[in-house]
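Here's a walk through a protein model, one neighbourhood at a time. Keep the viewer open and follow along.

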Amino acid sequence: MDRRPEHTASKIGYLLEMDLFQDLSLEDLNWLNSRTEMVTRRKGQLVYSPEDGGEVLFLLKKGTVQIYRLSPQGKKLVITTLGAGTFFGEMSLIGQGMHYSIAEAVEDSTLCVMRLSHLEELIMAKPSVALRLLHVLGLRLLHVHRTLEDLAFKPVPARLAALLLRLWEDAKMGAITGFTHQDLADMIGTLRETTTEVLNHFKAGGLIEMQRMHISVLDGHGLRAIAEG
């Protein structure tokens, strides 16, 4: 029997569509529904900052959220950019909390918020949820390690080519939209001017086309050769 709610736009419908909760019963989903709060954040508004004391899990229903850190000098290092259908804040489970990072909505976003205590209660009752959390946590740590390796060992063109390929794949081989040159620079740990120079070089070489906050990949193989070179 299909246990999908009649109105899939409802909060329960959204929770059911998340891989994290895919095998929960309707009773479990009702329990989860009563222990989550729906919130919205406008573009540019913070979801959390190091000053926030609460430990919660955020379930991103709509929009895009960027997780980053700031150096004492104010230099921004983007950890990851997340789209709808995923979650963040899970580092609280291993004692890392949200004390050193910032989450910002890069477009209008809708989120469900769940307290850590309720998440722990759910994990105790449903070990499959814990396994999925660990799987995602492992993938994200792997991504961070690869990012650090790129920053340490790869030149800017290789880092930028790898980033464009990843964003292109996330867009299902469509146009990369919504990112300024500063955004891209923050994501690869370099200056905006350097990023613009390399993008112009890629454009001149026929690898990409550019308009304002809109990049089309024309030669994925060429970009991959630079990323892996």
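What follows is a tour in running paragraphs, from the aromatic residues to the sheet, the cores and a few single residues.

First, some ground rules: this is a predicted model, so local features need pLDDT of at least 70 and side-chain atom pairs count only at pLDDT 80 or more, while totals for chains, interfaces and linings use all residues. Residues are numbered from 1 along each chain as its sequence is written, and side-chain values use heavy atoms, with hydrogens and water left out. Helices (H or I, at least four residues) and strands (E, at least two) are DSSP runs, numbered from the N terminus.

Let's start with the rings. Rings of Phe, Tyr and Trp (its six-membered ring) pair if their centres lie within 6.5 Å; planes under 30 degrees apart count as stacked, over 60 as edge-to-face and the rest as tilted. By that rule there are 3 aromatic pairs. One of them is stacked: tyrosine 48 and phenylalanine 58 sit 5.7 Å centre to centre, with 25 degrees between the planes. This pair links distant parts of the chain, with tyrosine 48 in strand 2 (residues 46–48) and phenylalanine 58 in strand 3 (residues 56–62), 10 residues apart. Tyrosine 48 also pairs with phenylalanine 88, this time tilted, at 6.2 Å centre to centre and 40 degrees between the planes. Here the partners are 40 residues apart, as phenylalanine 88 belongs to strand 6 (residues 87–88). Put together, Tyr48, Phe58 and Phe88 make one aromatic cluster.

Are these rings buried or exposed? Buried means under 20% relative accessible area, exposed over 50%, partly exposed in between (1.4 Å probe, protein chains only). Tyrosine 48 is buried at 5%, phenylalanine 58 is buried at 6%, and phenylalanine 88 is buried at 2%.

Next, look at a hairpin. Strand 4 (residues 64–70) and strand 5 (residues 76–83) pair in the antiparallel sense over 7 bridges; two strands pair if DSSP finds at least two bridges between them. Threonine 64 stands opposite glycine 83 of strand 5. There are 5 residues between the two strands, and glycine 74 in the turn has a positive phi of about 90 degrees.

Further along the chain there's an open sheet of 3 strands, ordered 9-11-10, with antiparallel pairing. Its edge strands, each pairing on one side only, are strand 9 and strand 10 (208–211). Strand 9 is joined to strand 11 (residues 214–217) by 2 bridges, and isoleucine 176 has isoleucine 215 of strand 11 as its bridge partner. Helix 7 (residues 192–204) lies across strand 10 and strand 11, running at about 125 degrees to strand 10. Axes are lines fitted to C-alpha atoms, for helices over the stretch in contact (heavy atoms within 4.5 Å), and angles run from 0 to 180 degrees between N-to-C directions.

Now for what's packed inside. A nonpolar core is a set of buried Ala, Val, Leu, Ile, Met, Phe, Trp, Tyr and Cys residues joined through side-chain atoms within 4.5 Å. The largest has 26 residues, and Leu160, Leu164, Phe202, Ile208 and Leu223 have the most contacts inside it. Helix 5, helix 6 (181–188), helix 7, strand 10, strand 11 and helix 8 (220–228) each give two or more residues to this core, with the largest share, 8 residues, coming from helix 5. Apart from it lies another core of 22 residues, including Leu59, Leu122, Ile123 and Val129. Try clicking on isoleucine 208: leaving out residues up to four places away in sequence, its contacts include Leu164, Leu199, Phe202, Ile215 and Leu223.

Helix 5 also holds arginine 166, which is partly exposed at 28% relative accessibility. Neighbours within four places aside, arginine 166 is in contact with His143 and Met187.

Just past that helix, lysine 172 is in the loop between helix 5 (156–170) and strand 9 (176–177). Lysine 172 has a positive phi of about 55 degrees although it isn't a glycine, and this residue is exposed at 74%. Methionine 173 is in the loop between helix 5 and strand 9 too, and has a positive phi of about 65 degrees, again without being a glycine.

One last stop: aspartate 28, in helix 2 (residues 26–34). Aspartate 28 counts as buried at 17% relative accessibility, and its side chain makes a polar contact with the side chain of serine 25 at 3.0 Å. A polar contact is a pair of N or O atoms within 3.5 Å; within protein, one must be able to donate a hydrogen and the other to accept it, and residues adjacent in sequence count only if both atoms are side-chain atoms.
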